[in-house]
Every structure is written in C-alpha cells, then in structure tokens.
Amino acid sequence: MSNLQIIQELCGICDMQNRIIRAQSDALAQLGAVVMEEERAEAADRLTALLGRDEVPDEYEMEE
C-alpha cells in the first residue's frame with residue numbers, strides 16, 4: 001500500500017468518525033447536554049489555523 005493510499009484510508013476513517021461524533025453530539029444536544037465545549041472550540045481553531053480562514057468548511061459541509 002502506498003503512502004497516498006494510507007493517507008486516503010486515514011482520511012476516510014476520520015470522516016466516518018466525524019459523522020459518528022456529530023450524530024452523538026446531536027443526540028446529546030437534544031437532551032440538553034453540553035460536553036467538552038472548550039475542546040471542541042480548540043479543535044475548530046486548530047482546523048482553521050491549519051486550513052486557513054478561507055478554507056474552513058461550511059457548516060453544511062461539516063454535517064454531511
């Protein structure tokens with residue numbers, strides 16, 4: 001397996017985990033639970049710093 005194939009597979013795994021985490025977050029929000037908001041904000045800031053302000057996905061794209 002090439003490095004590119006490994007990176008593609010890791011990206012697919014991260015995407016799948018992202019969808020699972022978002023679904024779990026939505027379920028918790030329906031119950032009024034707030035979990036790890038500071039960590040979520042830090043992760044969003046780190047993503048923005050990595051990609052650049054103009055490259056941050058829209059909310060719609062992130063929820064897919």
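Which elements of the protein chain have the lowest and the highest mean pLDDT? Helix H3 (residues 59–63) has the lowest mean pLDDT, at 51, while helix H1 (residues 3–30) has the highest, at 93. The model is predicted, and the protein chain as a whole averages a pLDDT of 84, with 81% of the residues scoring at least 70. Where pLDDT is low, the predicted coordinates should not be read in detail.

**Overall architecture**

The protein chain contains three helices and zero strands, and from the N terminus on its elements follow the order α-α-α. Of the 64 residues in the protein chain, buried residues make up 2%. The accessible surface of the protein chain comes to about 5,900 Å², and carbon and sulfur atoms account for 55% of that surface.

**Salt bridges**

Side chains of opposite charge can pair when their charged atoms come close. In this model the count comes to two salt bridges, which are set out below.

| Salt bridge | N to O distance | Helix | Separation in sequence |
|---|---|---|---|
| Asp-15 and Arg-19 | 2.4 Å | H1 | four residues |
| Glu-37 and Arg-40 | 3.6 Å | H2 | three residues |

In helix H1, Asp-15 and Arg-19 are separated by about one turn of the helix; Asp-15 has a relative accessible area of 36%, and Arg-19 has one of 38%, so that both count as partly exposed, a class lying between the limits of 20% and 50%. In helix H2, Glu-37 and Arg-40 are likewise about one turn of the helix apart, and here too the partners are partly exposed, with a relative accessible area of 42% for Glu-37 and 43% for Arg-40.

**Surface patches**

A nonpolar surface patch of about 410 Å² is formed by Met-1, Ile-6, Leu-10 and Ile-13. Ile-13 belongs to helix H1 and is partly exposed, its relative accessible area being 37%. Because a patch residue must have over 30% relative accessible area, the 37% of Ile-13 satisfies that requirement.

A patch of negative charge on the surface brings together Glu-38, Glu-39, Glu-42 and Asp-45. Among them, Glu-39 lies in helix H2 (residues 37–51) and is partly exposed, with a relative accessible area of 42%. Helix H2 also holds the salt-bridge partners Glu-37 and Arg-40, whereas helix H1 holds Asp-15 and Arg-19 together with Ile-13 of the nonpolar patch.

Definitions and conventions. Residues numbered from 1 in each chain as written. Predicted model: local features only at pLDDT ≥ 70, side-chain atom pairs only at ≥ 80, totals over all residues. Heavy atoms only, no water. Patch = residues over 30% accessible without salt bridge, like charges linked within 9 Å, V, L, I, M, F, W, Y side chains within 5 Å. Areas by Shrake-Rupley, 256 points an atom, 1.4 Å probe, with all protein chains shown as cover. Salt bridge = Lys/Arg side-chain N within 4 Å of Asp/Glu carboxyl O. Lys, Arg positive; Asp, Glu negative; His and termini not counted. Charge placed at Lys NZ, Arg CZ, Asp CG, Glu CD. Helix = DSSP H or I, 4+ residues; strand = E, 2+ residues; numbered from the N terminus. Buried < 20%, exposed > 50% of the residue type's maximum accessible area, 1.4 Å probe, protein only. pLDDT = per-residue confidence, 0-100.
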